[in-house]
Amino acid sequence: MATLVDTAREVARQLLEAPLPRRWSHVQAVAAKADRISGAVPSEDREVLVASAWLHDVGYSPDLIDTGFHSLDGGRWLRRERFNERIAALVAHHSCAWLEADERGLGEVLAAEFPREETAVTDAICCADMTTGPDGQDFEVLDRLAEIRSRYGPEHLVTRFIGRAEAEMVAAVQRTQFRLAGTRQPM
């Protein structure tokens, strides 16, 4: 019997491997990292974390593009396919997507369609995504954010979004690292 993670992996592979091999490399590495850092979340959330990591970028699939905003498009598709509702919402909001939605004029739409959680799981997804490069390479979070800025250029809305989201992304990575280390976050 296929697990939730197995199903998520196969769905992501079918949607991304052939049309977007570079994105597929990124997704594989993010999912592997999510599995490695899953100790930062409660045991009952580990499967959801890893499945969400596999699915976080499915909205880039040419077959799923609707609004052009991959987080929302991916979350909507997962919902239509009757995937786990929590995973659909985690995909829709992954890596501070609510701030990018605002840049795209879709903030209210995203908020109305998908509940946003703020948990160790959301931190860990952001950590795995924002410390993994476009080809699956490991990055420190600030280096990853600089890589995104350089790829999109100074005037692009993704660059504006990264500017708005940087502090929260860095904090999510740090919170995940503290949880993994078993230490309390400094006040």
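Helix α5 (residues 85-93) sits mostly under cover in this predicted model: 7 of its 9 residues are buried. The buried ones are Ile87, Ala88, Ala89, Leu90, Val91, Ala92 and His93. As for what does the covering, the list includes α1 (4-16), α3 (46-55), α4 (70-80), α6 (97-103), α7 (107-113) and α8 (120-130). The N-terminal end of α5 has a cap, Asn84, with a side-chain oxygen placed 2.9 Å from the backbone nitrogen of Arg86. Past the other end of the helix comes Ser95, and its phi is positive, near 50 degrees.

Helix α4 tells a similar kind of story. Of its 11 residues, 9 are buried, so α4 is largely enclosed by the rest of the structure. His70, Ser71, Leu72, Asp73, Gly74, Gly75, Arg76, Trp77 and Leu78 make up that buried set. Their cover includes α1, α3, α5, α6 and α7. Just after the helix, Arg82 takes up a positive phi of about 60 degrees.

One residue of α4 worth a look is Gly75. Its relative accessible area is 0%, and because anything under 20% counts as buried, Gly75 is buried. Setting aside neighbours within four places in sequence, Gly75 is in contact with Ala88, Val91, Ala92 and Phe114. Ala88, Val91 and Ala92 also turn up among the buried residues of α5. Gly75 can be placed relative to Ile87 too: the two are 12 residues apart in sequence, and their C-alpha atoms are 8.0 Å apart in space.

Next up is Ser52, which belongs to helix α3. With a relative accessible area of 1%, Ser52 is buried as well. Not counting residues up to four places away in sequence, Ser52 touches Ile87, Leu90, Val91 and Ile125. Ile87, Leu90 and Val91 are buried residues of α5, and α3 is listed among the elements covering that helix. The side chain of Ser52 also has a polar atom 2.8 Å from the backbone oxygen of Val48. Arg116 is 64 residues from Ser52 along the chain, and the C-alpha atoms of the pair are separated by 14 Å.

What about the stretch that carries a label in the record? UniProt, in an unreviewed entry, lists residues 23-107 as "domain: HD". This span is 61% helix and 0% strand, and its end C-alpha atoms lie 25 Å apart.

Further along the chain, helices α9 (residues 141-152) and α10 (residues 157-181) pair up. Their axes come within 10 Å and cross at roughly 170 degrees. Since an angle over 145 degrees counts as roughly antiparallel, that is how α9 runs relative to α10. From α9, the contact is made by Val141, Leu142, Leu145, Ile148, Arg149 and Tyr152. From α10, Val158, Thr159, Ile162, Gly163, Glu166, Met169, Val170 and Val173 take part. Sorted by class, the contact has 10 nonpolar, 2 polar and 2 charged residues.

Helix α10 is also home to Thr176. At 0% relative accessibility, Thr176 counts as buried. Leaving out its neighbours within four places in sequence, Thr176 is in contact with Ile37, Ala40, Asp123, Ala124 and Cys127. With Asp123 there is a polar detail to add: its backbone oxygen lies 3.3 Å from a polar atom of the Thr176 side chain.

Key:
Residues are numbered from 1 along each chain as its sequence is written. This is a predicted model: local features need pLDDT of at least 70, side-chain atom pairs count only at pLDDT 80 or more; totals for chains, interfaces and linings use all residues. Side-chain values use heavy atoms; hydrogens and water are left out. UniProt positions are given in the numbering used here, feature names are shortened, and annotations may be inferred rather than shown by experiment. Helices (H or I, at least four residues) and strands (E, at least two) are DSSP runs, numbered from the N terminus. Axes are lines fitted to C-alpha atoms, for helices over the stretch in contact, and angles run from 0 to 180 degrees between N-to-C directions. Angles under 35 degrees count as roughly parallel, over 145 as roughly antiparallel, 65 to 115 as roughly perpendicular and the rest as oblique. Contact means heavy atoms within 4.5 Å. Ala, Val, Leu, Ile, Met, Phe, Trp, Tyr, Cys and Pro count as nonpolar, Asp, Glu, Lys and Arg as charged, and the others, Gly among them, as polar. Buried means under 20% relative accessible area, exposed over 50%, partly exposed in between (1.4 Å probe, protein chains only). A polar contact is a pair of N or O atoms within 3.5 Å; within protein, one must be able to donate a hydrogen and the other to accept it, and residues adjacent in sequence count only if both atoms are side-chain atoms.
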